[in-house]
Every structure is written in C-alpha cells, then in structure tokens.
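These are my notebook entries on a structure that I am opening with a reader new to it in mind. I want to write down what I looked up, in the order in which I looked.

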Amino acid sequence: MDRFVQLALSGIANGAILALVALGFVLIYKSSDVINFAQGELLLIGAYLTYAMVEQFGIWWPAGVVFAVILSAVIGVLIEQLVLRPMIGEPTISVIMVTIGLSSLLRAITGAIWGVTPRPAPQFLPTDTVTILGANVGVDRLWAFGLAIALFGILTLFFRYSREGIAMRAVADDQQAALSMGISVKKVWAVAWAIAAITATVGGILLMSIFGGVSGTIGRVGLLVFPVVILGGLDSIPGAIIGGLIIGLLQSFAGGYLPPEWGMGEVMPFIILLFILLVRPYGLFGQRIIERV
Amino acid sequence: MLTLNNIEVIYNDVVLVLKGLSLEVPAGRIVALLGSNGAGKSTTLKAISGLLKPENGEVTDGEILFQGQPIHKKDAAEIVRMGIFQVMEGRRVFEHLTVEENLRAGAYTQSGRHFAGDLTLVYDYFPRLKERRNQVAGFLSGGEQQMLAIGRALMAHPKLIMLDEPSLGLAPLLVAEIFEIIRRINREQGTTILLVEQNARLALEAAHYAYIMENGRIVLEGSPDDLKDNADVREFYLGLNEIGSRKSYREVKHYKRRKRWLS
C-alpha cells in the first residue's frame with residue numbers, strides 16, 4: 001500500500017509537469033495547426049535560462065525565475081515570428097520538418113553555451129519528505145503538482161474570461177471568421193507561442209528542481225509530449241491535462257512494479273501511443289466536429 | 001459611404017473574378033447585390049472587408065473608398081475598426097464557444113466599456129439568443145446561428161454591415177423574421193447595410209437600391225421598383241413571365257429568351 005501511494009503520488013507529480021508541457025503543444029496546434037516538435041527544447045532552454053539567472057548571474061531566485069520565464073516567452077514569440085511566420089501556407093510536412101530542425105538547433109545552442117555535462121542546479125523547492133498514508137513523499141513533488149494545478153487554473157480563467165483568451169479559442173474554431181471580426185490571428189499565434197514557452201519553462205524549472213540538476217536529458221520530456229497529446233487528443237486542453245496525469249501514473253507504476261531491467265517506465269507511454277493511434281486516433285477528448293441533425 | 005470604383009480581383013495571380021466592378025452604397029441605406037452562383041458577389045464583399053488575402057485573392061485595379069478613404073490596401077482588422085463588418089456566408093459561428101463568448105469575440109475590436117450595453121441591445125433584437133446565452137453555439141438551430149452571426153456584427157458597432165446570404169438554408173418563416181430584424185437594425189441604429197442575396201424577391205422587398213451582377217461585373221442597377229418591372233429581372237430572378245403569372249416550364253420556348261444585358 002505504501003508503495004502504491006508513493007508511486008501514485010510521484011506519478012501524479014510527473015504527470016502534472018508533463019501536462020504543462022503538453023498544454024503548450026496543444027495551444028500551438030489548436031491556434032495555428034503547427035505540430036511543434038521543439039516543445040521539449042523550449043523546456044530545456046527555460047531550465048537553462050533559470051540556471052543561468054540564479055547560479056551564473058547570482059540573481060535572487062524568485063526574481064531569477066521570473067526573468068527566465070519572461071525571457072523564454074520572448075524567445076517563444078521570436079521563434080514564431082522568425083521561423084514559423086514564413087511557413088504559413090506551406091504543407092504540413094514542411095512545417096513539421098522546420099520544427100524538427102528547430103529542436104536540433106535549440107539543443108545545439110544550449111550545448112554550445114552550457115556544455116553537455118549535467119550541471120548541479122538550484123533546488124527551489126523544499127527537499128524534505130512528508131508521510132502521506134504511510135508513504136514517504138518528497139515535498140518537492142507535491143509542490144510541483146500544486147504549482148502545475150495553479151497554472152492550469154490561471155490559464156482556464158484566461159481562456160474563459162479574457163478578451164485574448166476568447167480570441168484564441170475563436171481562432172482555433174474558425175480562423176477566417178475570427179479574421180472577419182478584426183481578431184488578429186498573428187497576435188493569437190504569438191500569444192500561443194508565448195504561453196507554450198512559459199508552461200514549458202515552468203515544467204523545466206520543476207523538473208530541474210526535482211532532479212537537482214540540469215542537462216540535455218531534461219529535454220527528453222519533450223518526446224513524452226506525444227503520447228500525452230495523442231492520448232488526450234491533439235486539440236484538447238483538458239485532454240492534455242488528463243493525458244499527462246495518465247501517462248505520468250503509467251510511467252510510475254510500470255517503472256515501479258515491473259522488473260526494472262525491462263525499462264518499462266520509459267517504454268510504456270509509447271506502447272500507449274501506438275495503441276491509441278490504432279483504436280482511437282483522435283484521442284480521448286479530441287475534437288470531432290459538432291454536427292447538427 | 002462606400003464606393004467601389006472599377007475594381008478588379010484576381011485569385012492565384014490568374015483567375016480574374018471581378019472585372020471592373022463599380023457600385024455605391026449611400027449611408028443609412030440597404031443596398032442589395034443580386035446575382036447567381038459564381039457571379040462574384042462574395043468576392044466583392046471579401047474585397048471590401050480585406051478577407052481576400054487568406055484566399056490568395058488580390059485587388060489588382062480600381063479603388064475602394066470608405067467615407068472617402070481608400071481601404072483596399074488595409075488588412076481585415078483595420079477595416080473592422082473603421083466600421084465595416086462582414087457577416088460571412090454560412091453563418092460561421094464559433095461552434096465550440098457559447099453564445100455569449102461568440103458575442104464577446106464579435107466585440108474584440110471594442111474597448112469593453114460598452115460591452116454590457118451592446119449585449120443588452122443584441123438580446124433586445126434577438127431574445128432567443130438570451131435564452132441560450134450559455135449554450136454552445138454549435139448546437140443552435142440554423143436560424144439561431146444566423147441571429148448570432150448578426151448579433152456578433154452588432155457588437156462591433158459597425159457603420160456598415162455586409163450580409164452574405166442571410167437566408168441560406170433557412171425556413172421561409174425564419175427568413176422573414178431575420179429580414180425584418182435587418183430592416184429594424186437599419187432603421188433604428190442607422191446602420192448601412194449591403195445585402196448579398198440569391199433570393200431576389202426578398203432582397204428587393206428589403207432594399208432601397210439594388211445591383212445585379214453577372215460574371216464579375218454589374219449588369220443592371222436601379223430602385224427595387226424599377227428592377228421589379230424589368231422584363232429580364234422578372235424572368236430570370238423573380239421567375240415571372242411577361243403577364244406576371246408564375247413561369248411555367250411547359251412553355252417550351254422560354255429558353256430561347258436571351259438576357260438583353262448580355263448581348
């Protein structure tokens with residue numbers, strides 16, 4: 001029982017981080033139909049920027065985190081303007097190739113600046129453990145979960161009540177109709193990339209704090225975005241959240257209960273990915289067009 | 001208020017859709033633009049509202065003036081801010097947004113200060129939307145969606161609303177209701193209306209002035225009464241023969257008649 005609770009809690013915490021990163025992916029896909037293979041690298045850059053702010057420049061860490069988040073949002077917008085804007089109207093496959101290239105480029109840049117050896121990173125979150133239902137759980141995991149949920153809450157309010165949030169959903173629904181009422185589609189894309197970069201950065205910071213270090217491997221989480229969004233539905237925000245939690249839990253249980261030499265923790269998400277693609281390609285919550293009868 | 005001078009629209013650099021079209025929409029009026037499928041009516045509206053670019057279309061010649069200012073080089077958002085709002089063909093509501101969120105999207109260019117008042121105004125014109133304010137727009141009936149599309153336009157405080165086939169796919173009773181509301185908006189709000197229709201009878205009832213276009217140019221214009229008396233209009237748009245009774249397809253000779261404006 002302890003083990004179950006422990007695995008469940010750490011799975012949920014990891015899942016929440018995954019969900020954050022996947023959310024950015026979904027936002028970009030929904031608003032501009034771009035499949036962003038560089039989502040993991042946005043996370044990597046965000047984590048390294050935070051590392052640079054706090055460890056290298058010695059800025060007080062809350063301020064450093066805020067700077068890093070703002071800076072990564074700017075980078076997200078720049079990527080959209082410089083790399084994806086010229087690709088408007090090009091075939092999907094070209095856009096995908098561009099984002100794959102972008103991910104290699106960003107990874108190489110972080111390698112060039114910070115090297116490839118892991119760097120010990122500041123641990124912002126408390127590192128002690130608490131006992132919940134007989135299981136020892138790291139407080140940092142609970143924090144990660146709580147922060148992810150808080151960010152989701154803020155984004156939900158943003159999409160439901162703010163002018164820009166509604167405009168983003170309008171663009172996702174019908175781009176031309178949105179254009180016809182003066183909504184700037186370009187602005188919406190920029191906002192989508194900014195939010196994607198921000199959520200990825202927050203995810204990166206949480207991961208960095210949990211692992212106590214930053215290295216290229218953190219960006220691997222980017223790959224896990226695909227099982228999450230395929231499971232949840234490429235264009236569904238609740239899908240990203242629930243898909244993230246499910247994949248996080250599966251990873252945790254598969255890694256904890258199955259023989260470790262199988263490495264199922266790593267493989268399980270991709271087995272799910274294949275399975276979902278076979279039986280339900282639009283995912284759990286993916287949009288099928290509303291049909292009036 | 002709105003003047004189109006000899007405009008030419010080309011799609012994909014090769015397809016010439018509008019061939020020197022001119023028309024004039026005076027302030028405070030309802031002007032109807034009639035024509036059959038493919039005549040270029042929707043293209044005309046898109047040329048005005050700046051929506052050609054996403055479809056690879058371009059105004060290559062002539063000019064479009066709105067309140068004396070050329071607008072054919074401006075983008076869609078600027079044109080909406082200047083006071084022109086196009087209600088697109090096929091209603092195009094945001095299906096996954098609620099009715100009220102749709103209206104908020106319509107008010108995107110407005111500062112938000114008038115939002116509550118505008119909302120009341122729209123709900124006054126369309127009480128049915130109020131009943132369904134929190135419902136997802138995709139599940140509204142076709143008539144309600146058309147009302148929502150017009151309501152969305154009202155939220156943007158337009159000086160000119162361009163309606164692209166508001167009667168499309170709706171039951172006759174609903175169409176009558178919607179046209180009545182369009183007339184009321186024109187009368188009470190002083191909003192100028194440019195109405196594109198295939199349903200000539202309805203459009204000529206509502207309009208103060210009408211243009212008929214074919215093959216990318218205007219072939220006939222005049223007051224609705226004049227047009228209703230025109231033999232060609234009666235025959236080809238209202239489906240009446242010379243005597244004024246309904247056209248019968250048993251009269252074998254009807255296909256021999258040529259439209260005079262084409263020769």
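The entries below go from confidence to overall form, then to one helix, and last to the contact between chains.

**Entry 1, confidence.** I began by noting that this is a predicted model, and that its scores are an ipTM of 0.87 and a pTM of 0.85. For chain B, I found an average pLDDT of 89, with 91% of the residues scoring at least 70. I then asked which elements of chain B have the lowest and the highest mean pLDDT. The lowest, 79, belongs to helix α10 (residues 231-236) of chain B, while the highest, 96, belongs to strand β6 (residues 84-87) of chain B.

**Entry 2, chain A as a whole.** I counted eleven helices and four strands in chain A. Along its principal axes, the C-alpha trace of chain A spans about 55 × 50 × 35 Å. I checked the radius of gyration as well: a compact globule of 293 residues would have one near 19 Å, and chain A, at 19 Å, therefore agrees with that expectation. Looking inside, I noted that 48% of the 293 residues of chain A count as buried. I also looked up how far apart in sequence the contacting residues lie, and among contacts in chain A between residues at least 6 apart, 75% join residues at least 24 apart.

**Entry 3, helix α4 of chain A.** I turned next to helix α4 (residues 92-114) of chain A, whose 23 residues should span 33 Å at 1.5 Å a residue; the end C-alpha atoms are 33 Å apart, so the length agrees. Which residues of α4(A) are buried? I listed V95(A), T99(A), S103(A) and T110(A), and I noted that what covers the buried residues of α4(A) includes α2 (39-56) of chain A. After the helix comes G115(A), which has a positive phi, near 75 degrees.

**Entry 4, where chain A meets chain B.** How many residues of each chain are in contact with the other? I found 18 residues of chain A in contact with 26 residues of chain B. On the side of chain A that touches chain B, the elements giving two or more residues are α6 (163-173) and α7 (175-180) of chain A. Of these, α6(A) gives the most, with six residues. Sorting that side of chain A by class, I recorded nine nonpolar, four polar and five charged residues.

Technical notes: Residues numbered from 1 in each chain as written. Chains lettered and ligands numbered in written order. Predicted model: local features only at pLDDT ≥ 70, side-chain atom pairs only at ≥ 80, totals over all residues. Rg over C-alpha atoms; globule rule 2.2 N^0.38 Å. Buried ≥ 20, exposed ≤ 12 C-beta atoms within 10 Å, placed from the backbone. Contact = placed C-beta atoms within 7 Å. Expected span 1.5 Å × (residues − 1). Nonpolar A, V, L, I, M, F, W, Y, C, P; charged D, E, K, R; others polar. pLDDT = per-residue confidence, 0-100.
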